[in-house]
Amino acid sequence: MPDSVTMEKIVSLARRRGFVFPSSEIYGGLGSSYDYGHYGVLMKENVKARWLEAMVRERDDIVALDSSIILHPRVWEASGHVTGFADPLVDCRFCKRRYRADQLDQAECGAKPSKHPGETEKCDLTEPRQFNLMFSTRIGAVEETGFDAYLRPETAQGIFVNFKNVAQIARRKPPFGIAQIGKAFRNEITPGNFIFRTLEFEQMEMEYFVPPAEAERWYRYWIEERMSWYLRLGIRESHLRVRAHEAEELSHYSSATSDIEYLFPIGWSELEGIARRGDFDLRAHTEASGTKLEWVDSEGGERYVPHVVEPAAGVGRSLLAFMVDAYDEEVVAERPRTVLRLHPELAPVKVAVLPLIPRNPEIAGRARALYEELRRAVVAEYDDSGQIGRRYRRQDEIGTPFALTIDEQTLEDDTITIRDRDSLSQERIPISGARSAVLDRLAHEWKTPKPD
Ligand code: GAP
């Protein structure tokens, strides 16, 4: 069956099942801003946990950091963001809308949405002007003594300005890395594509500091590593690719960048960027702050400014790719079924406990007891509302890998059924072994049943 997923279907499912809501909806919504509901939060936590596990917990060479969102304003002058982090924008004097000058072919004309800006007779576009993407704010209670600051547009700079602190305390010799997950903010003027591009988003960034002569090798290494991370978490290989940036696309700090792209319903688009930042950032902050950011060997006295290789991913964008890749529709017993075939490690809920006849106090009691036992081990959900078919459908749509059903037979022989989300197989197992049956199955290697 061909891929039936569209962005509209994902937006609708995300909203219907409480993954993602438009932000400030009761006030008409705020463009490019979204709020995460219960399942969205749980799934986002899983994405971040898998990243931290792969980047920090499973390795000896990377340590974690959580730096501030608001840094000293001079950080952004030194990093080049005040002058260099800008998009070319044009305004339309007729419809009063603003567009990215380099993306007019993807934008809708404000007066005639079937056309692109500049294509109708009434369109009256200004010359492109550089528009800085950083959100500014003011620090200080008193206007006269306050000063301007920025919300960070990338988490990376918090890592560079802490290089000396971390390198000393972590006692690491290059190659070593510093990893951070946190919010970043950009005043993006682009047509919204749901959570693909938002004003406020979480990044998962790691700066890997290496001897300059090894930069190319580690750049290749991190492209491979990050590709494997997505593949391990179930993304189909045919929907991932690596694309090297052309010289004119490179950010002001980068000497080479490759994007890991995913085949989103909007086409191949960046999922994560792996950049060779050279010594640009450490040198810029050394010069601006007067603090030497270099690696010094305490024994041999060798000193140099390490080069940086940076894998930088977005939490929301990864979550979107995982949802899109998992989305499936099929017909079962002449009824349509929508299912999120998520990797069990990413699924917001691991197991649902469903009493077949909730009104029967004995069945409900056994189901409750089982749920209480399971929720101590994994995220579990107790669901007793509506017909069993509807409950299965609800769990399928949020991607719950297993459902346990307690019925009248349970009262006779202490068995329950375990239903597999992907194969729809149902097996009777003893209720006493339910917890280990679920944990065993969750630990199995998983591969998407969707064709690659
Ligand atoms: N420190 C390097 C850096 O920030 P980037 O390519 O601009 O590089 C890294 O951002 C990742 O952050 C992107 O690959 C994407 O996943 C995510 N990202 C960037 N801008 C975003 C936005 N406006 N909304 C959602 N995610 C975004």
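# A walk through the model, starting at L424

Select L424 first: you'll find it in the loop that links β22 (415–420) to β23 (426–430). Keep in mind as you click around that this is a predicted model. L424 isn't a glycine, yet its phi is positive, at about 65°. Most residues other than glycine have a negative phi. How exposed is L424? Its relative accessible area is 25%, so it counts as partly exposed.

**Next stop: A333**

Now jump to A333, which sits in the loop between β17 (327–332) and β18 (335–340). Here too is a residue other than glycine with a positive phi, this one near 50°. Is A333 buried or exposed? With a relative accessible area of 69%, A333 is exposed.

**Zoom out for a moment**

Show the whole chain as a cartoon. You're looking at 13 helices and 23 strands. Along the principal axes, the C-alpha atoms fill a box of roughly 75 × 70 × 50 Å. Of the 452 residues in the chain, 51% count as buried. Take the contacts between residues at least 6 apart in sequence: 66% of them join residues at least 24 apart.

**Two helices that cross**

Colour helix α2 (residues 38–57) and helix α7 (residues 215–232). Their axes come within 12 Å of each other and cross at roughly 140°. That angle makes α2 oblique to α7, and the crossing is right-handed. Which residues of α2 and α7 make the contact? Turn on side chains for V47, R50, W51, A54 and M55 on α2, then for W222, R226, W229 and R232 on α7. Sorted by type, the residues of this contact come out as 6 nonpolar, 3 charged and no polar.

**Helix α8 and its buried side**

Move on to helix α8 (residues 280–289), and pick out its buried residues: D281, L282, A284 and H285. Look down the helix axis and you can see where they point: they cover an arc of only 165° around it, so they lie on the same side of α8. What do the buried residues of α8 pack against? Their partners include three helices to highlight, α3 (73–78), α5 (156–160) and α6 (163–170). Add the strands β10 (200–210) and β13 (267–278) to complete the view. Before leaving, step just past the end of α8 to G290, where phi is positive at about 80°.

**Into the interior: T155**

One of the partners of α8 was α5, and the loop between β8 (147–150) and α5 holds T155. Is T155 buried or exposed? Its relative accessible area is 0%, so T155 is buried. To see what surrounds T155, select S67, Q180, G182, K183, Q203 and E205. T155 touches each of these, leaving aside residues up to four places away in sequence.

**Last stop: a cis peptide bond**

Finish in the loop between α6 and β9 (176–185), where you'll find P175. Show the backbone atoms and look at the peptide bond from P174 to P175. Is this bond cis or trans? The bond is cis, with omega near 5°. For background, most peptide bonds are trans.

Note on methods. Residues numbered from 1 in each chain as written. Heavy atoms only, no water. Axes fitted to C-alpha atoms, helices over the stretch in contact; angles between N-to-C directions. Helix = DSSP H or I, 4+ residues; strand = E, 2+ residues; numbered from the N terminus. Parallel < 35°, antiparallel > 145°, perpendicular 65-115°, else oblique. Left-handed = near helix turned anticlockwise from the far one by under 90°. Contact = heavy atoms within 4.5 Å. Nonpolar A, V, L, I, M, F, W, Y, C, P; charged D, E, K, R; others polar. Buried < 20%, exposed > 50% of the residue type's maximum accessible area, 1.4 Å probe, protein only. Arc of directions from axis to C-beta.
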